[in-house]
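Open the model in your viewer and keep the selection box handy. We will go from the whole chain to single residues, one stop at a time.

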Amino acid sequence: MAGPHWTCPPVWSIFGLMHELGIMESALDAIRHQAVKHGASRVSRIVLRIGTLAGVDQDALRFAYEALAPTSIAAGAVLDIETVAARARCAACQTEFGVERGFIFQCPQCGEYSGDIRAGRELGIARLEFPDL
Ligand SMILES: [Zn+2]
């Protein structure tokens with residue numbers, strides 16, 4: 001006889017989501033401050049800019065948004081996420097090149113190693129739209 005069966009997400013994904021919940025809480029707090037500053041009572045659209053090296057899972061971030069937005073100033077707002085592709089620069093030959101993940105990257109031009117990340121760590125609010133302004 002089979003007992004009750006539950007499926008649970010693995011522990012790492014819960015911790016991962018807690019990370020994104022914290023980020024979204026901070027974002028909504030910043031958005032509320034911006035709304036107050038602009039004399040707006042609502043936000044209609046939020047655009048976040050997130051680099052591929054920012055260590056943020058966009059699906060988890062959207063999930064956190066669904067969970068937190070309805071009771072916040074962002075209730076009913078559209079969330080858009082702009083992804084910034086990561087780029088590093090080689091100090092030896094000045095080449096800028098796209099990178100996937102990690103901290104040290106090999107230059108495709110001359111083979112030197114570089115940790116000089118020029119883009120991809122972005123994590124912030126790119127734009128807000130207020131309906132009553
Ligand atoms: Zn190089």
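Start with everything selected: among contacts between residues at least 6 apart in sequence, 73% join residues at least 24 apart. Here, two residues are in contact if their C-beta atoms, placed from the backbone, lie within 7 Å. This is a predicted model, in which local features need pLDDT of at least 70 and side-chain atom pairs count only at pLDDT 80 or more, while totals for chains, interfaces and linings use all residues. Residues are numbered from 1 along each chain as its sequence is written.

**Colour by confidence**

Now colour by pLDDT, the predictor's confidence in each residue, from 0 to 100. The protein averages 89, and 87% of the residues score at least 70. Confidence is lowest in α1, with a mean of 84, and highest in strand β4 (residues 96-98), at 97.

**Switch to cartoon**

You should find two helices and eight strands, arranged along the sequence as α-β-α-β-β-β-β-β-β-β. These elements are DSSP runs numbered from the N terminus: helices are H or I of at least four residues, strands E of at least two.

**Select the sheet**

Pick β2, β1 and β8, which form an open sheet in that order with mixed pairing. Strands count as paired if DSSP finds at least two bridges between them. β2 (78-84) and β8 (123-129) are at the edges with a single partner strand each, so one side of each has no neighbour in the sheet. From one strand to the next, the twist averages 20°, an angle between N-to-C directions on a scale from 0 to 180 degrees, with axes fitted to C-alpha atoms. Zoom in on β1 and β2: their pairing is parallel and runs over seven bridges. There, I46 stands opposite L79 in β2.

**Select the cores**

Of the 133 residues, 21% count as buried, meaning that 20 or more other C-beta atoms lie within 10 Å of the residue's own (exposed is 12 or fewer, partly exposed is in between, and C-beta atoms are placed from the backbone). A nonpolar core is a set of buried Ala, Val, Leu, Ile, Met, Phe, Trp, Tyr and Cys residues joined through C-beta atoms within 7 Å. Which members of the largest core touch the most others? Select M24, I31 and A74, out of 17 residues. α1 (11-37), β1 (45-51) and α2 (58-68) each supply at least two residues, and α1 gives the largest share, five. Centre on A74: apart from neighbours within four places in sequence, its contacts are L28, I31, V43, I46 and A69. A second, separate core of five residues includes L53, A86, V99 and F105.

**Look down α2**

Show L61, A64 and Y65, the buried residues of this helix. Viewed down the axis of α2, they fall within an arc of 105°, so they line one face; the arc is that of the directions from the helix axis to the C-beta atoms. Turn to the other side of α2 to find D59 and E66, both exposed.

**Two loop stops**

D57 sits in the loop between β1 and α2, and is partly exposed, with 17 C-beta neighbours inside 10 Å. Add E20, 37 residues away along the chain: the two C-alpha atoms are separated by 7.3 Å.

Finish at Q94, in the loop between β3 (87-89) and β4. Q94 is exposed, with 10 other C-beta atoms within 10 Å. Although not a glycine, Q94 has a positive phi of about 70°. Most residues other than glycine have a negative phi.
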